[in-house]
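Hi everyone, thanks for making the time. I'd like to walk you through one structure today, so please have the viewer open and follow along.

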Amino acid sequence: MRVCGVGDNVVDRYFNQKLMFPGGNAVNFAVHARRSGIEAAYIGVIGTDADGDLIRSSLQAEGVELKHLRVKEGPNAFATVHMDDDGNNRVWGLCEKGVSMFQLDNADLEYLGRFDLAHTGETSQLDSQLPAIRERVAISFDFSDRSLEYAAAVLPYIKVAAFSRSGASDDDVKRVLDTAISAGVELVTVTQGARGATVCHKGEVLFAPAVPVEAVDTLGAGDAFLSRLACRVLAGVTLNEAARDGAQYAAHICGTRGAFGHARAITREIPA
């Protein structure tokens with residue numbers, strides 16, 4: 001099995017600790033897939049600054065294929081994070097997209113035909129290209145907390161759909177599942193913060209409670225859960241086993257600073 005993260009990357013600059021970490025939904029998915037023993041690649045655009053170098057070096061260290069990584073003159077995307085001491089609460093400061101926004105060209109699309117799954121999401125702003133991607137490869141898509149009205153236009157192209165609904169009622173979760181299933185989505189995850197996640201695969205629904213953990217940093221835990229779950233399920237592992245594995249892995253990531261580690265000191269002043 002081979003997967004490819006397509007779209008966003010970002011350097012998370014931790015204001016309090018003066019540290020920065022690689023991240024971004026598409027990057028995180030690829031890294032966690034690789035850590036799950038899956039061949040993984042990433043398509044995106046990095047800048048020519050230290051932030052861009054951090055993205056590239058971290059992906060190389062993780063063994064993610066970068067044949068279609070682009071480098072563009074200018075600043076990499078970044079996000080400023082103000083984190084409390086227990087790692088459970090964060091406030092976002094200044095965020096900039098830098099040079100990260102792009103459109104796939106024909107060579108990228110043909111390259112995607114070599115994979116079993118391409119992962120992207122609403123932050124990557126590639127919605128207009130989903131039909132072209134779907135002609136070549138199955139798509140995993142992270143909707144984050146976007147509305148079902150937004151999702152309606154995207155879901156018909158999607159095999160794996162992820163939604164974030166912290167604090168949602170059971171009826172709200174059911175509404176999300178029903179909407180995705182009726183659109184033909186095969187695997188749906190609805191993460192519910194510290195509670196855990198509701199998952200559905202081909203009509204089988206179960207709740208995966210979060211694994212208790214002394215959290216250092218919860219950033220990226222949802223991406224870790226989704227990637228591990230999807231890779232396991234699509235490889236033929238039962239939903240129950242895959243969900244337990246995903247929850248355990250997400251808990252492990254909560255014990256790591258940043259989305260997946262690779263800290264680098266910030267040696268210059270950063271904006272709040």
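**Aromatic rings, a strand, a helix and some cysteines**

Let's begin at Phe163, which counts as buried, with a relative accessibility of 2%. Before I go on, a quick reminder that this is a predicted model.

How many aromatic pairs does the structure hold? There are five. One of them joins Tyr14 and Phe21 in an edge-to-face arrangement, with 4.9 Å between the centres and 65° between the planes. Tyr14 and Phe21 are both buried. Another pair brings us back to where we started: Phe163 is stacked with Phe143, at 4.7 Å centre to centre and with 5° between the planes. Because Phe143 belongs to strand β10 (residues 138-144) and Phe163 to strand β11 (residues 160-164), this pair ties together parts that are 20 residues apart in sequence. Phe143 is buried as well, and its relative accessible area is 0%.

If you zoom out a little, Phe143 and Phe163 are part of one aromatic cluster, together with Phe141 and Tyr150. Tyr150 also has a charge to deal with: the charged end of Arg146 sits over its ring, 3.7 Å from the centre. For those of you who like cation and ring geometries, there is also Lys18, which lies over the face of Phe15 at 4.7 Å from the ring centre.

Now let's move to strand β1, residues 2-6. Buried or exposed, what are its residues? Five of the five are buried. In a regular strand, side chains alternate between the two faces of the sheet. In β1 both faces are covered, with Arg2, Cys4 and Val6 buried on one side and Val3 and Gly5 buried on the other.

Which strands pair with β1? One is β4 (residues 39-43), in the parallel sense and over five bridges. There, Val6 stands opposite Ile43 of β4. The other is β9 (residues 117-121), again in the parallel sense, over three bridges. On that side, Gly5 has His119 in β9 as its bridge partner.

Next, please find helix α2, residues 50-61. This helix has twelve residues, and the distance from its first C-alpha to its last is 16 Å, close to the 16 Å expected at 1.5 Å a residue. Its buried residues are Asp51, Gly52, Leu54, Ile55, Ser58 and Leu59. Looking down the axis of α2, you'll see that these buried residues fall within an arc of 155°, so they line one face of the helix. On the face turned away from that buried side, α2 carries the exposed residues Gln60 and Ala61. If you like checking backbone torsions, have a look just after α2, where Gly63 takes a positive phi of about 80°.

Last stop, the cysteines. How many disulfides does a search of the whole structure find? Zero. Take Cys200, which is in no disulfide: the nearest cysteine sulfur belongs to Cys231 and is 19 Å away. Cys200 counts as buried, at 1% relative accessibility.

And why is there no bond for Cys231? Its closest cysteine sulfur is the one in Cys4, and at 12 Å that is too far for a bond, given that a disulfide needs the two sulfur atoms within 2.5 Å. Cys231 is buried too, with a relative accessible area of 1%. Cys4 takes us back to β1, where it shares a side with Arg2 and Val6.

That's my tour. Thanks for listening, and I'm happy to take questions.

Definitions and conventions: Residues are numbered from 1 along each chain as its sequence is written. This is a predicted model: local features need pLDDT of at least 70, side-chain atom pairs count only at pLDDT 80 or more; totals for chains, interfaces and linings use all residues. Side-chain values use heavy atoms; hydrogens and water are left out. Buried means under 20% relative accessible area, exposed over 50%, partly exposed in between (1.4 Å probe, protein chains only). Helices (H or I, at least four residues) and strands (E, at least two) are DSSP runs, numbered from the N terminus. The expected span of a helix is 1.5 Å times one less than its number of residues. The arc is that of the directions from the helix axis to the C-beta atoms. Two strands pair if DSSP finds at least two bridges between them. Rings of Phe, Tyr and Trp (its six-membered ring) pair if their centres lie within 6.5 Å; planes under 30 degrees apart count as stacked, over 60 as edge-to-face and the rest as tilted. A charge sits over a ring if NZ of Lys or CZ of Arg is within 6 Å of the ring centre and within 35 degrees of the ring normal.
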